[in-house]
Amino acid sequence: MDNDELKETARLVRGDVIEMLARAGSGHPGGSLSAVEIIVTLYYKVMHHNPHNPHDDNRDRFILSKGHAAPTLYSILSRLGYFDRTHLWSLRKCGSLLQGHPYTFDTPGIDASTGSLGQGLSFANGCALSAKLDKRSYRIYCVIGDGETNEGQIWEAAMTSARYRLDNLCTVLDFNELQIDGRIQDIKNPLPFREKWEAFGWNVFEIDGHSFEELNQALEQAKEIKGRPSIIIAHTVKGKGVSFMEGKPEWHGTPPTREEADIALRELGFVDGVTL
Amino acid sequence: MNKVSSLRSAYAETLIELGKKHENLIVLDADLAMSTKTVLFKNTFPERFFDMGISEADMMGTAAGLASSGKIVFASTFALFASGRAWEQVRSAICYPKLSVKIVATHGGISVGPDGVSHQAAEDIAIMRAVPNIRIIVPSDATQTRFFIHEAYKTPGPFYIRLTRPALPVIYEDRYNFNPLSANKLKDGEDGAIIACGIMVFPSLKAAEKLQKEGIGIKVFDMSCIKPVDRKAVVEAAKTGHVVTCEDHSTIGGLGDAVGDVILSEHPCYISKVGLSDRFAESGSWNKLKEKYGLTEERIYKEMKNLLIKVRQKT
């Protein structure tokens, strides 16, 4: 898939996210939109996976530790054929295949049940240790949020990854600078990230998290780093792609109304709404 | 006098036995391997043992990731930290997706002793019982511990197995025919029933024997599997009209309440709960603490006598 096709995929995913959240009447637009290029690059360019065999033992694993970005993941999984697209419109509804946050039992293609922040990196370490024990070559990808690094367990896990030299693990930090209550610097201030992760024994890349070229390059380079885990600090914009959501913490956990969704969709180039 | 044997050693020996047969068995600990005895597994299979350091939440998450990749994971630390510190990780990362993580929590109850309240888990059964998909086991001796470690290995899904710090009298012979879901009836009688678990089973048996000498026939059930609880055994106990439960745990939310729930819905009768009564204990030897906090053979004996008198007066 070339760069233009990736960009078009990202646009389509953003359209799905807006439509899903408007229909669900709840959910998290800001952090779903900031992570679009990251997750699109992983699923369309980097990861080995098979929509027809979601439990393939040799697949790369994906752990969305910032589970509230589930709509982005669900859109991508449906576009790749893990499940039918019509399920997207029942997100968060009783009896749906798609829980508010990822759940392995209900949804094909979900490797880890997440949503309570701070827990996914430990799970990813477990997957990475297992791969090492079995001498398998699959890789583990984990996406964490910047606000999520307030959780102590992230740093417990960061020590574990380095201690066991988990070079088959690559974490992407969606650095959109905002959490629910405001700017990350104003809440707990987890900065500086680069120095912290380096001090914890990680190999660090720092890139533009909306650039497919930079994401792809860092994810490929991370495969060559041996003896320690890699983290890609991906600078992103919360609410990316929808002008009135960009950089606004209030769009962390508020869904668009139908009217707002229609404006957003027009901005994204869906003049007649998304194709259901 | 029964021989006394360590449940923790039985656990570690069984891990090694299983580890020899099963490559997919992994053991995690949180810097307490000497105390939980998982160090014995570490010495035998160093490549399949991971010390996660003093980070119980991280240990449970890592265990979940390993289990999701096809491993059967035994994760050990003290009961207070396994249940309390890491409760949400156990709930969301392990129990919700039904992963095969076997939490073997040592140092359960106030029988931990001199370390004091900070290390005495008297609420762990209560908080673990509230979580769906997990089986809760409190073995009463080393033989039963071995049985349930085997059982946990071969049964898919999460387990919480609570072991004691003190070594306990051996109740069951090596070849005892356990049923994992059934209470073990250790003594029969028609006048009342004691339902106990873990460290309190042996004193319950002694109390029942003392009552027997006075002509009072008491059933004694070892309810090692607290979740799911053996409802049939509870009803059988309730039919005597007098049930005393007994556990080294708070009287809130533990074995007593698990039994009480069944009694209330299936065969109402008088029930009295022996345990730690909504308070914290303190530092001290188990011998002193059990006297002070009412976890003795004598206390069980009195509780049953009082219950028999109370019911006779009321009816």
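1. Start with Lys273(B) and Asp257(B): their side chains meet in a salt bridge, 2.5 Å from N to O. (A salt bridge here is a side-chain nitrogen of Lys or Arg within 4 Å of a carboxyl oxygen of Asp or Glu.) The pair ties together distant parts of the chain, with Lys273(B) in strand β14 (residues 270-276) of chain B and Asp257(B) in helix α11 (residues 255-266) of chain B, 16 residues apart. Helices (H or I, at least four residues) and strands (E, at least two) are DSSP runs, numbered from the N terminus. Lys273(B) is partly exposed, with a relative accessible area of 32%, and Asp257(B) is also rated partly exposed, at 22%. For those labels, buried is under 20% relative accessible area, exposed is over 50%, and partly exposed is in between (1.4 Å probe, protein chains only).

2. A word on what you're looking at. This is a predicted model, where local features need pLDDT of at least 70, side-chain atom pairs count only at pLDDT 80 or more, and totals for chains, interfaces and linings use all residues. Residues are numbered from 1 along each chain as its sequence is written, chains are lettered from A and ligands numbered from 1 in the order in which they are written, and side-chain values use heavy atoms, with hydrogens and water left out.

3. There are plenty of other charged pairs to check: the count comes to 30 salt bridges over all chains. Side chains of opposite charge can pair when their charged atoms come close. In chain B, Glu236(B) bridges to Lys185(B), the closest N and O atoms being 2.5 Å apart. That pair again links distant parts of the chain: Glu236(B) sits in helix α10 (residues 231-238) of chain B and Lys185(B) in strand β9 (residues 184-187) of chain B, 51 residues apart. Glu236(B) is partly exposed at 28% relative accessibility, and Lys185(B) is partly exposed at 35%.

4. Over in chain A, have a look at Arg79(A) and Asp16(A), whose closest N and O atoms in their salt bridge are 2.9 Å apart. Here the link runs between helix α4 (residues 70-80) of chain A, which holds Arg79(A), and helix α1 (residues 3-24) of chain A, which holds Asp16(A); the two are 63 residues apart. Arg79(A) is partly exposed, with a relative accessible area of 31%, whereas Asp16(A) is buried at 0%.

5. Which residues are linked with Arg258(A) in a network of salt bridges? They are Glu19(A), Arg23(A) and Asp262(A). Arg258(A) lies in helix α10 (residues 258-267) of chain A and is partly exposed at 33% relative accessibility. Leaving out residues up to four places away in sequence, Arg258(A) touches Glu19(A), Ala22(A), Arg23(A) and Leu265(A); contact means heavy atoms within 4.5 Å.

6. Now the A-B contact. Chain B gives 25 residues and chain A gives 22 residues. Between them the chains bury about 1,900 Å², 57% of it on carbon and sulfur atoms; buried area is the accessible area (1.4 Å probe) that two parts lose on being put together, summed over both. In chain B, Phe50(B), Asp58(B) and Tyr96(B) lose the most area to chain A, together 27% of what that side buries.

7. How many salt bridges are there between chain B and chain A? The count is one, and Asp134(A) and Lys71(B) meet in a salt bridge at 2.6 Å, N to O. On the side of chain B that touches chain A, the elements giving two or more residues are β3 (49-51), α4 (56-68) and α6 (87-95) of chain B. The largest share, eight residues, comes from α4(B).

8. Last, helix α8 (residues 142-154) of chain B. This 13-residue helix reaches 19 Å from its first C-alpha to its last, close to the 18 Å expected at 1.5 Å a residue (the expected span is 1.5 Å times one less than the number of residues). Is α8(B) enclosed or open? Since 10 of its 13 residues are buried, α8(B) is largely enclosed by the rest of the structure. The buried ones include Gln144(B), Phe147(B) and Tyr153(B). Gln144(B) is also one of the residues touched by Asn184(B), along with Tyr172(B) and Phe221(B) among others. Asn184(B) is found in strand β9 of chain B and is buried, at 5% relative accessibility.
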